[in-house]
Amino acid sequence: MAEAEKTEKTEGTEKKGTFVEKMGSVDRRIIFLLIGLAVLIPIIIEYTTAIPTSPLVQNLFDKIESLPPGSKVLMSFDYGPSTVPENQPMATAFTRHIFEKGHKLYLMALWATGPRQSEALIEDVISVEFPDKKYGEDWIHLGYKAGNQGLINTLLSDFTAMYTTDLDGTSIDEFPMMKGIGSLTDFDLILGLGSGFPGTKEWVQFAGDPGDIPVGGGTTAVMAPLLFPYYPRQIVGFLGGLQGAAEYEYALIKQYPKYEEKSRLASTSMGPQVWAHLVIVAFIIVGNITFFIERSRRKRY
Amino acid sequence: MEGQAILTTPLAHAVGVWIGALLTLMIFSFLYKDNPFYKFAEHLFVGVSAAYWMTVAFWTTLIPNLIARLWPSSMGSVLPSAVGNERNWWYLVPLVLGLILLTRLIPRIAWLSRWAMAFVIGYAAGTNFTRYLQSDFVTQVQSTMVPLYEPQGTLMATIGYTFSQIVVVGGVICAVIYFYFSKEHKGSFGRAARVGIWVLMAAFGASFGYTVMARISLLTGRMDFLYNWFIGANW
């Protein structure tokens, strides 16, 4: 309460201050409002921007592109609904590419909230765009298992010790695409889509490195800096946040122009990113200018 | 599955979207100032999350990983694939450890819970130690021991490669020097430590930039949801 009064008092004083002082202590609600507008307006006018693919993303794209048809790709959904705007466009772009190349897709999750996200992928992409792909032959949903990195550790030595059934409880022995899967080393590529622990980092540490299995994936932007040290020796490539997803979409469209209209989930969200960043950068510049001006005034008097 | 079927009806979907939109607005209202609507949404979120995780833990961990291993024949309606499996008596060990953990609730024998905790910590330490050592130390050191000069086809590409490798190797050495406190940071050693600070600052700056991008991505997702709700596109 006392703090609120103090703030009001300060704000009252600043009304009488110079322009520089006002800019130096602008009300945080004005910043929120401007950020909100910078995000909302590009959504309304559907402003998009093309993001050229970086080597980090291109490497992963090339890896999937170079795998022979019928290769086994494991995609783990290690995120929840809170990071869907970042992770789901990655899953969508990967799935399109994997099926376009005729690979086999194995869906699983280290997070309990993961299967709901993979179900959304099945409803929105697999069922709609790839109805000819057969469950159990071209793709399978293995669901979530508890155990975090311990689960990966077990799967590395014995996959069927943990996964005896698919998500619906059907024995995996009934699915042709599960034949020959004894451990994680039987997969040609592991894609970890993560937003925290356990996630892509654990796939590198507990599967990729000890099993010498190619690992790639995508993470939220917050997690991305933690993965850079693994590239390129321990991780094939990865999508860092929404920008990474937009870069992958760009590579996909470049290689398969038929996705020009469909594959724009991340690209359309990059418009608000650009404008929101401009607003933030502007405030950082203004904040610094006012700081230095005020400091030089204090020194003078 | 029954719950999912109910939620897929158009009316239920529309109600779900409206509830989601109103709760999002209640949370956003905190940006103006704290208020009862925000508090309601926050408390609702905490309560629903706690209940959700408790249910998920019961059905995805306790039932398949413990009960189904000890009493597989009783899993008929819950986990049909477990019926017919052999009973595994080894799972009595985690059952006992799990029960011991609950002794924390009884102060007189609370010390027993330390046994279970010791097991958990021991397992985690043992599992993680070798993997972290291999992936985050040995291989990282190997990745830093790179040739500074390697022809890349064109002169510019070679210069770019060499510059990049110098930044990696030099950056790592300087950053490590900054954390070496057994020698005073003076002279050339001090200058290297100073460069180490810049390297760390650059890393923190990159992390901050990525964090901003992540938060704006999430805001974009919510704004997009609210906009579609407002124009009636998603309900």
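An open sheet of 6 strands in chain A follows the order β3-β2-β1-β4-β5-β6, with parallel pairing; strands (E, at least two residues) and helices (H or I, at least four) are DSSP runs numbered from the N terminus, and two strands pair if DSSP finds at least two bridges between them. The edge strands, each of which pairs on one side only, are β3 (139–144) and β6 (238–240) of chain A. From one strand to the next, the twist averages 15 degrees. Axes are lines fitted to C-alpha atoms, for helices over the stretch in contact, and angles between N-to-C directions run from 0 to 180 degrees. This is a predicted model, in which local features need pLDDT of at least 70 and side-chain atom pairs count only at pLDDT 80 or more, whereas totals for chains, interfaces and linings use all residues. Residues are numbered from 1 along each chain as its sequence is written, chains are lettered from A and ligands numbered from 1 in the order in which they are written, and side-chain values use heavy atoms, with hydrogens and water left out.

Strand β1 (residues 72–78) of chain A pairs in the parallel sense with strand β4 (residues 189–194) of chain A over 6 bridges, and 5 bridges join β1(A) to β2(A), again in parallel. A:Ser76 has bridge partners in both neighbours: A:Gly192 in β4(A) and A:Met108 in β2(A). A:Phe77 stands opposite A:Leu193 in β4(A). Of the 7 residues of β1(A), 6 are buried, so this strand is largely enclosed by the rest of the structure; buried denotes under 20% relative accessible area, exposed over 50%, and partly exposed the range in between (1.4 Å probe, protein chains only).

Strand β4(A) is likewise largely enclosed, because 6 of its 6 residues are buried. In a regular strand the side chains alternate between the two faces of the sheet. In β4(A), A:Leu189, A:Leu191 and A:Leu193 point one way, while A:Ile190, A:Gly192 and A:Gly194 point the other way, and all are buried. β4(A) also pairs in the parallel sense with strand β5 (residues 215–219) of chain A, over 5 bridges; there, the bridge partner of A:Leu193 is A:Gly218.

Helix α6 (residues 114–129) of chain A packs on the sheet, where it touches β1, β2 (104–109) and β3 of chain A, contact being defined as heavy atoms within 4.5 Å. The direction of α6(A) makes about 155 degrees with that of β3(A).

A nonpolar surface patch of about 960 Å² is made by A:Ile30, A:Leu33, A:Leu34, A:Leu37, A:Ile41, A:Ile44, A:Ile45, A:Tyr47, A:Val274, A:Trp275 and A:Leu278. Patches consist of residues with over 30% relative accessible area and no salt bridge, with nonpolar side chains (Val, Leu, Ile, Met, Phe, Trp, Tyr) joined within 5 Å and like charges within 9 Å; a salt bridge is a side-chain nitrogen of Lys or Arg within 4 Å of a carboxyl oxygen of Asp or Glu. The elements giving two or more residues to the patch are α3 (28–44) and α11 (267–300) of chain A, and α3(A) gives the most, with 6 residues. A:Leu34, found in helix α3 of chain A, counts as partly exposed at 35% relative accessibility.

Overall, the secondary structure of chain A comes to 11 helices and 6 strands. Its C-alpha atoms fill a box of roughly 80 × 40 × 35 Å along the principal axes. Buried residues account for 51% of the 301 residues in chain A. Chain A exposes about 13400 Å², of which carbon and sulfur atoms supply 58%; accessible areas come from the Shrake-Rupley method with a 1.4 Å probe, and for residues only the protein chains shown count as cover.
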